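Colleague: I'm new to reading protein models, so could we walk through this one together? I'll ask and you explain.

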Amino acid sequence: MQAVGCAACHGEGGISKKPGIPSLVAQDPQYLIPAMKAYVTGQRKHDLMKTILSGVGEAELNNIALYYARQIPARAQTPPVGDASAGKAASALCAGCHGEQGVSIYPAWPSLAGQDAQYLAGAIKAYKDGSRGKSVACAGCHGEGGISKRPGMPSLAGLDPQYLVPAMKAYVTGERKHGLMKALLAGVGEAELNSISLYYARQIPARAQTPGVGDPSAGKTASVLCVGCHGEQGGSVSPAFPSLAGQDPRYLAGAIRAYRDGSRNKAVACAACHGEGGVSRIPGIPSLVGLSPQYLVSAMKAYVAGQRNPTVMKALLADASEAELNDIALYYARQTAARAETPPVGDASAGKIASAACAGCHGPQGVSPNPAWPSLAGQDARFLADALKAYKDGSRDNAMMKGLAAALDERTINDIASHYASLPPAQPSLPNGAQAPPAQRAPVLSHNGLVASLDDRAIDDIASYFASLAPVRGGQASSAQNAPAGRDPSLVRNGLVASLDERAIKNIASYYASLLPEQPAGAKKLPAGRDPVLVGMTVPTDGSSPGGIVSFRKNDPSRKVEDNNAICLGCHERGDRTYWNGSTHETRGVACTECHTVMRPISRKFALKTEVEMETCFQCHKDRRAQIFRSAHMPLREGKITCSNCHNPHGSATEAMLKENSINDNCYKCHAEKRGPFLFEHAPVRENCLSCHDPHGSNTEHMLKVSRPRLCAECHGFGHGALTAGPRAVETFGRACQNCHTAIHGSNSPSGALLQR
C-alpha cells in the first residue's frame with residue numbers, strides 16, 4: 001500500500017506548489033484540526049480527504065496541525081488568478097475576521113496571507129453558492145463568555161436582551177454602520193437573536209481585558225452627563241439602555257465620537273425611562289400619563305430653557321420642534337391613566353391632612369382643574385418629593401411653590417408625595433375636547449446633542465472611567481443568571497460574499513495570495529518535526545488494518561468486538577440500548593456491525609445490513625426463517641410486522657429479549673381481547689400463550705403447537721369425548737373440542753364455568 005503523505009499534495013513544509021491545493025503552513029491548530037474533521041463529517045466536500053482522514057485519531061490530527069504550525073511560513077508557489085491591487089480594495093469585508101494583512105484575528109479562523117489563489121477563489125465561490133457553510137462564532141471577536149480581549153470590540157456579557165436585540169437589528173437596518181455585522185446578522189430570525197441575547201445575559205459579567213485610553217479619575221467628573229441613562233456606576237437605569245461598566249474603553253470612545261459627529265444616531269424612547277404608556281416603574285422618574293398636553297409641553301420647554309434639571313432632558317429635547325413636543329404631549333394624554341408602579345416614600349394618610357394647601361391648585365383628589373398646572377394623582381412619590389425639595393431649596397423656581405414648600409420639613413414632604421401617589425389619576429381633556437384613539441407606538445427622540453460639547457480627550461477619559469467600573473447584571477439579564485449558560489452562540493451564514501462577482505472573487509484571492517504569511521503566535525517557540533504520514537508503507541502481514549485505521553472487519557486481529565462496540569456505544573448507549581451489557585447478543589460476542597453498516601446506506605432506517613429487517617435477523621436465526629414459511633405464521637413476510645415489534649435485539653429485562661414484561665404482555669399488544677380478566681379463566685392461557693401457540697409459525701391453524709384435539713389432550717386426557725367414544729365422536733372433527741368449549745381463552749358468562757359460552 002502506498003504511503004499517503006500530506007506533502008504529496010500540500011508541498012514540502014506545507015507550502016503548496018499545485019494550483020487549487022491549499023498551503024497548510026501558517027495556520028493555527030485551532031483552525032486546522034476542525035477543518036480536517038469537517039472533511040470526515042462531510043461539511044467539506046472532498047472524497048479523497050474524507051477517505052484519508054476517516055478513522056484518524058485525535059492525537060494524530062493534533063500532530064499534523066502542530067507540525068504545520070511550526071514550519072517557516074512562505075507564500076504558495078502558485079500563480080495568481082486575478083488583479084491583486086484591485087482585490088485590496090474589495091477585501092475590506094474580509095479584513096474584519098481575517099485581518100487587514102491576511103493574518104487572522106482569531107486562531108479558529110484561517111489566515112489567508114500567502115495562500116494559493118486558486119484555492120481561495122474556489123472556497124469563496126463555494127461559500128457564495130452554498131455548497132460550503134461557514135459557522136462564525138461570536139466569541140471570535142467578542143471573547144469567550146462575551147468578555148472582550150480585543151481593543152475596540154465590545155463585551156456582551158451581562159447586557160440586557162432589551163438592549164442587545166435592538167442593537168443587533170440596528171446593524172441589519174443600517175442604523176449602525178458595520179459591514180461585517182450587517183452581513184452576519186442579515187436573515188437571522190427573531191428567535192435566534194433572542195437566543196444570542198439571552199446567552200450573553202446569563203454570563204457572569206467582568207471587565208473587558210483591554211487597556212485604557214484615558215484618565216479614569218478625570219472621566220468620573222466628565223461623565224455626569226451620562227449617568228442620567230447609564231447610571232452613576234455604569235449600570236443602566238433602563239434595560240433598553242446599555243450598561244457601560246467594564247466595557248472596552250476603545251469601543252466606548254469610538255461610539256461616543258460616532259454619536260458626536262453624527263455617523264451614529266441614538267433613538268431614545270421616552271418609555272425607556274417613563275415606562276410603557278407613560279406609567280413610571282422607576283422611582284424618581286415621573287409618570288407622563290394623566291398630564292394635560294398644555295402642562296406637558298410647557299414642562300418640556302422648561303428643560304430646554306434650563307429652568308429644570310436634569311441636563312440629559314435638556315440635551316434630548318434641544319432641537320425638538322414645536323410639532324414634535326405637541327405630538328409627545330398628545331400621545332401621553334391619550335393613554336389610559338394608571339398609578340405609577342413605584343413604592344411610597346412616606347405615610348399617605350398623614351400626607352392627606354398636610355396636603356390641604358395643595359388642593360387649591362392641584363385639586364382635592366390630585367386632579368388639577370387648570371390644564372396649565374400638573375395633576376398629581378398617581379404620580380411617582382419620589383419624583384413628587386424631590387420636586388417639593390427643589391422648590392424649597394430654590395433649585396426649581398416658582399414663587400408660590402417656594403413659599404408653600406418653605407414651611408414643610410422632609411417627613412411632611414414625603415407624606416404629601418405618598419398621599420398623591422396613592423390617588424387614582426384621571427384622564428386629561430384634550431384640546432377642543434377631541435378624544436382621539438390612543439397612539440400605537442411610544443414616541444422617541446433622535447438626537448446626538450448629548451455629547452456635542454465633548455472633545456477627544458474628555459471622550460477618552462469618560463470611556464476609561466466606565467471601563468474601570470465593575471459590571472453588574474440588570475433587568476432581564478439579572479433574572480436570567482440562574483438559567484443554564486449553554487454554548488457560545490454562532491451564526492451560520494454565506495451572505496458575507498453573496499454580493500461578489502467572479503472577477504471580484506479572483507481579485508480578492510490574488511490579493512491575499514500576494515501577502516506574506518506569519519507563523520501562529522503559539523507555535524513560534526516549538527521545534528519543527530518530521531513531515532507527517534497518514535498511512536503506513538505496507539499492509540501488515542497479520543491482516544491488521546494499516547496506519548492505525550479503525551476497522552470493523554471480523555477478521556482484523558488488531559480489533560476486538562468489545563472495542564468496536566464501545567465506539568458505537570459512545571453515542572448509542574441509551575434508550576433501547578440500555579440493556580445491551582449482559583444481553584444475549586453481547587455475551588455471545590455479537591458485533592454491532594454484524595447487523596448494522598457504518599458507511600453504506602442499504603436499509604431505509606436503522607442502517608441495517610439488509611434491506612428488510614427480518615433478513616438481518618435471519619442471518620443467524622435460520623430456524624425462524626423456516627417457521628415464517630409455514631402455513632400459519634406471523635405476518636412478517638407480508639410486511640405488517642417486524643422482529644423488533646416483539647423483541648429488542650439490544651437486550652431487555654425479559655426472557656428472549658422481549659420488549660414487554662412477559663410473553664403474555666407481548667401478545668396482548670395486538671391481541672388485546674385475550675387479556676381479560678375473565679370470570680372463568682383458562683389456567684394455561686393465563687400462564688403462558690406459548691402453552692398452546694408457536695409465535696414464529698406452525699403448520700397447524702392459529703399457529704397451534706399441535707392439532708386439536710391432541711393439543712387439549714395434553715392436559716385433559718382422561719375419560720372424555722373421543723378418547724372413550726372413538727373416532728366418530730364430535731371432538732374429532734371441525735373445531736374439535738372447541739365445537740363445545742368455544743370460549744377457550746376465558747368466559748365472562750355466569751354459565752361459562754366449562755368455557756362453553
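Colleague: Okay, let's start with one helix. Which residues of α11 are buried?

Modeller: First, keep in mind that this is a predicted model. Helix α11 covers residues 190-202. To count as buried, a residue needs under 20% relative accessible area. In α11, the ones that pass are L193, I196, S197, Y199, Y200 and A201.

Colleague: How far apart are the end C-alpha atoms of α11, and what span should its residues give?

Modeller: You can work it out from the rise of 1.5 Å a residue. The expected span is that rise times one less than the number of residues. With 13 residues, α11 should span 18 Å, and this agrees with the distance between its end C-alpha atoms, 18 Å.

Colleague: Let's try α18 too. What does its length look like, and which of its residues are buried?

Modeller: Helix α18 runs over residues 322-334, which is 13 residues. At 1.5 Å a residue it should span 18 Å, and its end C-alpha atoms are indeed 18 Å apart. As for burial, the list for α18 is L325, I328, A329, Y331, Y332 and A333.

Colleague: Now for helix pairs. Are α21 and α23 parallel, perpendicular or oblique to each other?

Modeller: Helix α21 (residues 381-393) and helix α23 (residues 410-421) have axes that come within 8 Å and cross at roughly 140°. Roughly antiparallel would need an angle over 145 degrees, and roughly perpendicular one of 65 to 115. The crossing of α21 and α23 is right-handed. Given that angle, the two helices are therefore oblique.

Colleague: Which residues make that contact, and how do they split by class?

Modeller: On the α21 side you have A381, L384, A385, L388, K389 and K392. On the α23 side you have E410, I413, N414, I416, A417, S418, Y420 and A421. Sorted by class, the contact of α21 with α23 comes to nine nonpolar, two polar and three charged residues.

Colleague: How is α21 placed against α22?

Modeller: Helix α22 takes in residues 399-406, and its axis is 8 Å from that of α21. The two pack at an angle of about 95°. An angle of 65 to 115 degrees counts as roughly perpendicular, so α21 and α22 are roughly perpendicular.

Colleague: Which residues meet there, and how many of them are nonpolar, polar or charged?

Modeller: From α21 come L388, Y391 and K392. They meet M401, K402, A405 and A406 of α22. By class, the α21 and α22 contact has five nonpolar, no polar and two charged residues.

Colleague: Let's look at single residues. Is P205 buried or exposed?

Modeller: P205 sits in the loop between α11 and α12. Its C-alpha is 5.9 Å from that of P471, although the two are 266 residues apart in sequence. With a relative accessibility of 15%, P205 counts as buried.

Colleague: And D460: which residues is it in contact with, beyond its neighbours within four places in sequence?

Modeller: D460 belongs to helix α24, residues 456-468. Its relative accessible area is 18%, so D460 is buried. Leaving out the sequence neighbours you mentioned, D460 touches V213, G214, A253 and R257.

Colleague: Which peptide bonds before P677 and P709 have what form, cis or trans?

Modeller: Most peptide bonds are trans. P677 is in the loop between α31 and α32, and P709 is in the loop between α32 and α33. Omega is near 0° from G676 to P677 and about 5° between R708 and P709. Both the G676 to P677 bond and the R708 to P709 bond are cis.

Colleague: What is phi in F606 and in A656?

Modeller: Most residues other than glycine have a negative phi. F606, in the loop between α28 and α29, is exposed at 51% relative accessibility. A656, in the loop between α30 and α31, is exposed at 54%. Phi is positive in each: near 70° for F606 and near 55° for A656.

Colleague: Last one, zooming out. What share of the residues in the protein chain is buried?

Modeller: The chain has 34 helices and four strands. Among contacts between residues at least 6 apart in sequence, 69% join residues at least 24 apart. Of the 757 residues in the chain, the buried share is 44%.

Notes
Residues are numbered from 1 along each chain as its sequence is written. This is a predicted model: local features need pLDDT of at least 70, side-chain atom pairs count only at pLDDT 80 or more; totals for chains, interfaces and linings use all residues. Side-chain values use heavy atoms; hydrogens and water are left out. Buried means under 20% relative accessible area, exposed over 50%, partly exposed in between (1.4 Å probe, protein chains only). Axes are lines fitted to C-alpha atoms, for helices over the stretch in contact, and angles run from 0 to 180 degrees between N-to-C directions. Angles under 35 degrees count as roughly parallel, over 145 as roughly antiparallel, 65 to 115 as roughly perpendicular and the rest as oblique. A crossing is left-handed if the near helix is turned anticlockwise from the far one by less than a right angle, and right-handed if clockwise. Contact means heavy atoms within 4.5 Å. Ala, Val, Leu, Ile, Met, Phe, Trp, Tyr, Cys and Pro count as nonpolar, Asp, Glu, Lys and Arg as charged, and the others, Gly among them, as polar.
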